Amino acid sequence: MVASPLEVTNVRSPTTACTTQSRNGLVLENLLSKQNFRATGLDGVQALRIRSGVPQASRSSLPIEVLDNVFRFLSRPELLPALCVSSVFNNVAKRVLYHTIEDLSPVKSITVLLRLDREPALQLLVRKLDINWCASSLEPTRNLYNLLHRVLVKLKGLTALSIELPRTGSQMWILNGCTFSLRYFSTSMPCDAHLARYLDSQSSLTELTLRGYQQGVNVIPSFLGFSPSTDPADNPFKVLPTSLPKLSSLRTVHGGPNIIASVVEGRPVQAASIALFPSTSSESLKALSLSTAPMRRLSIMSFDPTVQDYLLLELAKRFPHLEALHVVILLSEFTDELLRALGPLLAPFKALQYITFMAATDRTAQPQEEQAIAKIWHQSCPTLKTIILPRGKVWFSEGQSEWNSLDAED
């Protein structure tokens, strides 16, 4: 049997893979011994062992579902030898390997795409596909995009898709003719009308990540390396009001208020991660508040140097039901005095349990000073359980007044 291209580069040869099956047999046996077989009526099933060739499990009555569950505990390097053990192990390992295809280098991903293109049986197994051709010197050719398009059309059961492509223009055509129904979608393709029309077709989508640019909207400091250009007036990003009825989570890296409003308005978004840019910060927060469901989890990265004057006040007014808040402020400095002054602004949050607040500050401050700040914040917001302040220490509550750090030195 031929090893899967998903991991073939990690093993010198199929023979080498098979010689390690005894070690992996012990791994499987240990995992099986930890399963709760009482729930499945398998108390008397003989333990799985691999002895110099064909394992006993391949001839036993052990259900395939149990093997499948055990294999999901194994890493890819541990799964690879299972392909060489028997036809039973090969089928189960292949199903687990191809269920989720992610964290592959561009070269490995191309190898996998070539195999998926020619093997219909493997196409039926894929549920999650992650293609990342950005973080490398790879310059995809038209033939490579054609290969990706052919494979995507054949993956009928795909439910999660992440496509990160070089920013050399929209490649939305690679999704033409695809019939899968996604629950998760992440892309770096430009936020334009083509992307909006595709999102209109995905009624089951619950999680959406937009990493592409909305050209001509964001005003980002030039020293950060961004250079937005003009967005054609006849190609705006605007999803239909009836689209994305199940959307509950939005992450956008470069999206301004127009994108946020178009995606969030009238939809039950309860978790979001957005960036704030100069001159549009307030509008972005206002757009985010258009959700039909209370916001529960919010992450913000701010490039706006003026947010220290109003950010927490604005968040408390628009999102009082937050349970987790993570804020990273890049262009503003918060002294200990300013951090103490933020405490009363947390009072409107009635369910906030976790807060991270990272910003430039006095790095010579003593841990006791941050501990005092944590106590002040907790007095204003008694529901807080964990606080992470600019020095990076994690402060947690022990009782009503005691706050300690996870750092043993403190």
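**Exercise 1. Glu207 and its partner**

Task: Determine how exposed Glu207 is, and then establish how its side chain meets that of Arg251.

Solution. Step 1: Glu207 has a relative accessibility of 31% and counts as partly exposed, where buried means under 20% relative accessible area, exposed means over 50%, and partly exposed lies in between (1.4 Å probe, protein chains only). This is a predicted model in which local features need a pLDDT (the predictor's confidence in each residue, from 0 to 100) of at least 70 and side-chain atom pairs count only at pLDDT 80 or more, whereas totals for chains, interfaces and linings use all residues. Residues are numbered from 1 along each chain as its sequence is written, and side-chain values use heavy atoms, with hydrogens and water left out.

Step 2: Arg251 is likewise partly exposed, at a relative accessible area of 34%.

Step 3: The two side chains form a salt bridge at 3.8 Å, N to O, the term requiring a side-chain nitrogen of Lys or Arg within 4 Å of a carboxyl oxygen of Asp or Glu. Arg251 belongs to strand 6 and Glu207 to strand 5, so the pair ties together parts that are 44 residues apart in sequence. Helices (H or I, at least four residues) and strands (E, at least two) are DSSP runs, numbered from the N terminus.

**Exercise 2. Two further salt bridges**

Task: For the pairs Arg211–Glu164 and Arg72–Asp68, give the N to O distance and the exposure of each partner.

Solution. Step 1: The closest N and O atoms of Arg211 and Glu164 are 3.5 Å apart, and the two residues form a salt bridge. This pair links distant parts of the chain, 47 residues apart, with Arg211 in the loop between strand 5 (207–210) and strand 6 (249–252) and Glu164 in strand 3 (residues 160–164).

Step 2: Arg211 is partly exposed, with a relative accessible area of 33%, whereas Glu164 counts as buried at 10% relative accessibility.

Step 3: Arg72 and Asp68 meet through their side chains at 2.8 Å, N to O, in a salt bridge; Arg72 is partly exposed at 41%, while Asp68, at 12%, counts as buried.

Step 4: As a general point, side chains of opposite charge can pair when their charged atoms come close. A search of the whole structure finds 12 salt bridges.

**Exercise 3. An aromatic cluster**

Task: State how many aromatic pairs the whole structure holds, and describe the geometry and surroundings of the pair Trp133–Tyr145.

Solution. Step 1: The search returns 7 aromatic pairs. Trp133 and Tyr145 have ring centres 6.3 Å apart and planes at 55°, so their pair is tilted; rings of Phe, Tyr and Trp (its six-membered ring) pair if their centres lie within 6.5 Å, planes under 30 degrees apart counting as stacked, over 60 as edge-to-face and the rest as tilted.

Step 2: Trp133 lies in the loop between strand 2 (128–132) and helix 8 (142–154), and Tyr145 lies in helix 8, so the pair ties together parts that are 12 residues apart in sequence. Both Trp133 and Tyr145 are buried.

Step 3: Ring pairs join Trp133, Tyr145 and Trp173 into a cluster. The charged end of Arg142 sits over the ring of Trp173, 4.1 Å from its centre, a placement that requires NZ of Lys or CZ of Arg within 6 Å of the ring centre and within 35 degrees of the ring normal.

**Exercise 4. The setting of Ser302**

Task: Locate Ser302 in the secondary structure and list what it touches.

Solution. Step 1: Ser302 lies in strand 8 (residues 297–302) and counts as buried at 0% relative accessibility.

Step 2: Leaving aside residues up to four places away in sequence, Ser302 touches Leu276, Val307, Val328, Ile329, Leu330 and Leu331, a contact being heavy atoms within 4.5 Å.

**Exercise 5. How far to trust the coordinates**

Task: Give the average pLDDT of the protein chain and identify a stretch where pLDDT is below 50.

Solution. Step 1: The protein chain averages a pLDDT of 81, and 76% of its residues score at least 70. Over residues 7–23 the pLDDT is below 50, and beyond near neighbours in sequence this stretch has 19 contacts in the model.

Step 2: Where pLDDT is low, the predicted coordinates should not be read in detail.
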